[in-house]
Amino acid sequence: MESAFETTAKLQASLASRALTQTRDAAQLAAQKPNADTLVESWELAEATYKRMNALQQSWIQDWSNWMSYAQSLEGANTMPKYVERTGNIFLQAQAQMVSQANEFSELLDNVGVSYAYWISGKLNDPR
């Protein structure tokens, strides 16, 4: 069985390799003759990324607003055991929300990287 350290190292190495490949490809594309379509498409990719990040951020704001409303109420916590349980649940929900948001953000980063790599590969291999 692979250790957490080995898994982490492999994932980081893969990410670094992909980043270096994309950097190389971006340099190759930048060295080519300027093309208006390429500029427009790159702006469209940036705009799509911005919109997706903005949607995530709006969702996160709503999630934290809901959590704050929940966290401010100790409704039903009329005994010490219920109070301890309720405060524990408040913290557990915050932790779950942070994990969920980190996962959503890492998925966005991965999707953007894959989309960019696909686009730039197509640009480098386009005979026009």
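**Contacts and burial in a three-helix model**

At 42% relative accessibility, E47 counts as partly exposed, a class that lies between buried (under 20% relative accessible area) and exposed (over 50%), with a 1.4 Å probe and protein chains only. The model in which E47 sits is a predicted one, where local features need pLDDT of at least 70 and side-chain atom pairs count only at pLDDT 80 or more, while totals for chains, interfaces and linings use all residues. Residues are numbered from 1 along each chain as its sequence is written, and side-chain values use heavy atoms, with hydrogens and water left out.

We can begin with the partner of E47. K51 forms a salt bridge with E47, and the closest N and O atoms of the two are 3.5 Å apart; the term salt bridge is used when a side-chain nitrogen of Lys or Arg lies within 4 Å of a carboxyl oxygen of Asp or Glu. Both K51 and E47 belong to helix 2, where 4 residues, or about one turn of the helix, separate them; helices here are DSSP runs (H or I, at least four residues) numbered from the N terminus.

This bridge is one of 5 salt bridges that the structure holds. Another joins K10 to E2, with the closest N and O atoms 2.5 Å apart. Of these two residues, K10 counts as exposed, at 54% relative accessibility, whereas E2 is partly exposed, with a relative accessible area of 35%.

A further salt bridge connects D110 with R18, and here the closest N and O atoms are 2.9 Å apart. The D110–R18 pair links distant parts of the chain, since D110 lies in helix 3 and R18 in helix 1, 92 residues apart. Both ends of this link are partly exposed, D110 with a relative accessible area of 35% and R18 with one of 30%.

Helix 1 also has residues that are hidden from the surface. The buried residues of helix 1 are Q22, D25 and L29, and these residues pack against helix 2 and helix 3. One of them, L29, reappears when we look at T38, a residue of helix 2. T38 counts as buried because its relative accessibility is 14%, and, if residues up to four places away in sequence are not counted, T38 touches L29, W119 and K123, where contact means heavy atoms within 4.5 Å.

The tryptophan in that list, W119, leads to the aromatic rings, of which the structure holds 2 pairs. W64 and W67 make an edge-to-face pair, 5.4 Å centre to centre and with 80 degrees between the planes. Rings of Phe, Tyr and Trp (its six-membered ring) pair if their centres lie within 6.5 Å, and planes under 30 degrees apart count as stacked, over 60 as edge-to-face and the rest as tilted. W64 and W67 both lie in helix 2 (residues 36–72), 3 residues apart, which is about one turn of the helix. W64 is partly exposed, with a relative accessible area of 25%, whereas W67, with a relative accessible area of 18%, is buried.

Y116 and W119 form an aromatic pair that is tilted, with 5.9 Å from centre to centre and 40 degrees between the planes. Because Y116 and W119 are 3 residues apart in helix 3 (residues 80–125), about one helical turn separates them. Y116 is partly exposed, at a relative accessible area of 26%, while W119 is buried, at 14%.

Another residue of helix 3 is R86, and its charged end sits over the ring of Y70, 3.9 Å from the centre of that ring; this description requires CZ of Arg, or NZ of Lys, within 6 Å of the ring centre and within 35 degrees of the ring normal. R86 is buried yet has no salt bridge, and the nearest side chain of opposite charge, that of E75, is 6.8 Å away; for charge, Lys and Arg count as positive and Asp and Glu as negative, with His and the chain ends not counted. Leaving aside residues up to four places away in sequence, R86 touches Y70, S73, L74, E75 and A77.

Finally, A71 has its place in helix 2 and counts as partly exposed, at 21% relative accessibility. A71 and V99 are 28 residues apart in sequence, and the distance between them in space, from C-alpha to C-alpha, is 18 Å.

Conventions. Helix = DSSP H or I, 4+ residues; strand = E, 2+ residues; numbered from the N terminus.
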